[in-house]
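User: I have a structure open and a list of labels attached to its parts. I would like to know what stands behind each label.

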Amino acid sequence: MLDWARSQPLPPEIVVTRDCAYGADPQQRYDVYHREGAHDAPILVFWHGGGWTNGYKEYVAFMAPIVVGLGMALVTPAYRLAPAHRLPAAFDDSLAAVAHAIGHAADFGGRGDRIYLAGHSAGAHLAALVALRRQDAAQAGIPPAAIRACLPISGIMDLHHPEPPADSLEERIYTMVLNDASEDALMSPLCWTAGNDVPMWLSHGDSDSARVIHSNRRMAALLARQPGPSRLHVEPGLDHFATHTSLRDPAAPWYGRLADLVKDHQP
């Protein structure tokens, strides 16, 4: 999969810089895709999924021509994976990756004060945490006004489960993903919605997993009572994985929502 993703041809006008290091660990890297000669482009940071235990930044590469076609630069971070590195390691890496990309935005024609966050599944969870845990973001060097919006796709927004079934993803969160089981709420985006002012456009498939659907509905209800605008979009005919793979189509509604948000936040 990794070799295949790296070998896919990109349009000649797209420049890719691979493996930008934001830390010492080999997984603390991101790739950047941008149009040659870009200047002041808004930046989309998109995290891959994989249940916090697997996955590659190259999973996101297929989106590059479409995102760059919207006039944006695309940053695709990798992050340390569980069980070798349990949460909050991936969250800490996500903060560090965004801060590094902001600091080096001019290197790839981007604007460090126009950052849009997104991801799929576990990546959506990380994007939402970065957007919502504002004090942590500020301490990591991310200016509060830099994050313009967040568009998480099929994210697991609540890690808590009172009695996780054996051999389930819910059990794996406690046995493989969390460093401390008592931090399930601390690492759940829906527990950080109070006072949110970042536009949050949640989405999931109508055939998504029950856990994703339920946690997004609960989070949408909480976000609706906060100062920032929010929406929950249900993608018809899509399951958990298709909510990402469907983005091979430039006409996918998610891109339209992203483009509208970027337009709305022009300086």
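User: Why is Y56 called partly exposed?

Analyst: This is a predicted model, and the values are computed from it. Y56 has a relative accessible area of 40%. Buried requires under 20% and exposed requires over 50%. The value of 40% meets neither condition, so Y56 is partly exposed.

User: What makes Y59 partly exposed?

Analyst: The relative accessible area of Y59 is 27%. That lies between the limits of 20% and 50%, so Y59 is partly exposed.

User: What are Y22 and Y30 called, buried or exposed?

Analyst: Y22 has a relative accessibility of 11%, and Y30 has a relative accessible area of 1%. Both values are under 20%, so both residues count as buried.

User: What makes the pair of Y22 and Y30 stacked?

Analyst: Ring centres must lie within 6.5 Å to pair, and planes under 30 degrees apart count as stacked. For Y22 and Y30 the centres are 6.3 Å apart and the planes are at 20°. Both conditions are met, so this aromatic pair is stacked.

User: Why is the pair of Y56 and Y59 called edge-to-face?

Analyst: The ring centres of Y56 and Y59 are 5.7 Å apart, and their planes are at 80°. The limit for edge-to-face is over 60 degrees, so the name applies.

User: How many aromatic pairs are there by this rule?

Analyst: The count comes to 4 aromatic pairs. There is also an aromatic cluster, formed by F46, W254 and Y255.

User: What is the order of the strands in the open sheet?

Analyst: The sheet has 8 strands in the order β1-β2-β4-β3-β5-β6-β7-β8, with mixed pairing. Neighbouring strands in this sheet are turned by 20° against each other on average, direction ignored.

User: Why do β1 and β8 stand at the edges?

Analyst: β1 (14-21) and β8 (230-239) each have a single partner strand, so one side of each has no neighbour in the sheet.

User: How do you know that β1 pairs with β2?

Analyst: At least two bridges are needed for two strands to pair. β1 and β2 (residues 29-35) are joined by 6 bridges, so they pair. These two strands run antiparallel, and V15 stands opposite H34 in β2.

User: How do you know that β6 pairs with β5 and with β7?

Analyst: β5 and β6 are joined by 6 bridges and run parallel. β6 and β7 are joined by 2 bridges and also run parallel. The requirement is at least two, so both pairings count. Opposite P152 in β6 stands G119, and opposite S203 in β7 stands I153.

User: What makes β6 largely enclosed?

Analyst: 7 of the 7 residues of β6 are buried, so the strand is largely enclosed by the rest of the structure. Helix α4 (residues 122-132) lies across β6, as well as β3, β5 and β7. It runs at about 140° to β5.

User: Why is R148 called buried?

Analyst: R148 is in strand β6 (residues 147-153). Its relative accessible area of 17% is under the limit of 20%, so R148 is buried. Apart from its neighbours within four places in sequence, R148 is in contact with D113, R114, I115, Y116, V198, P199 and H265.

User: Why does H233 count as buried?

Analyst: H233, found in strand β8, has 18% relative accessibility, which is under 20%, so H233 counts as buried. Beyond four places in sequence, the contacts of H233 are W201, L202, S203, H204 and R257.

User: How do you know that the span of α7 agrees with its number of residues?

Analyst: At 1.5 Å a residue, the 14 residues of α7 should span 20 Å, and the end C-alpha atoms are 20 Å apart, so the two agree. Helix α7 (residues 210-223) lies across β7 and β8. Among its buried residues are V212, I213 and M219. What covers the buried residues of α7 includes α4, α6, β7 and β8.

User: What makes the link between R80 and D93 a polar contact?

Analyst: The side chains of R80 and D93 are joined at 2.9 Å. The limit is 3.5 Å, so the distance condition for a polar contact is met. R80 is found in the loop between β4 (73-77) and α3 (89-103).

Terms used. Residues are numbered from 1 along each chain as its sequence is written. This is a predicted model: local features need pLDDT of at least 70, side-chain atom pairs count only at pLDDT 80 or more; totals for chains, interfaces and linings use all residues. Side-chain values use heavy atoms; hydrogens and water are left out. Helices (H or I, at least four residues) and strands (E, at least two) are DSSP runs, numbered from the N terminus. Buried means under 20% relative accessible area, exposed over 50%, partly exposed in between (1.4 Å probe, protein chains only). Contact means heavy atoms within 4.5 Å. Axes are lines fitted to C-alpha atoms, for helices over the stretch in contact, and angles run from 0 to 180 degrees between N-to-C directions. The expected span of a helix is 1.5 Å times one less than its number of residues. A polar contact is a pair of N or O atoms within 3.5 Å; within protein, one must be able to donate a hydrogen and the other to accept it, and residues adjacent in sequence count only if both atoms are side-chain atoms. Rings of Phe, Tyr and Trp (its six-membered ring) pair if their centres lie within 6.5 Å; planes under 30 degrees apart count as stacked, over 60 as edge-to-face and the rest as tilted.
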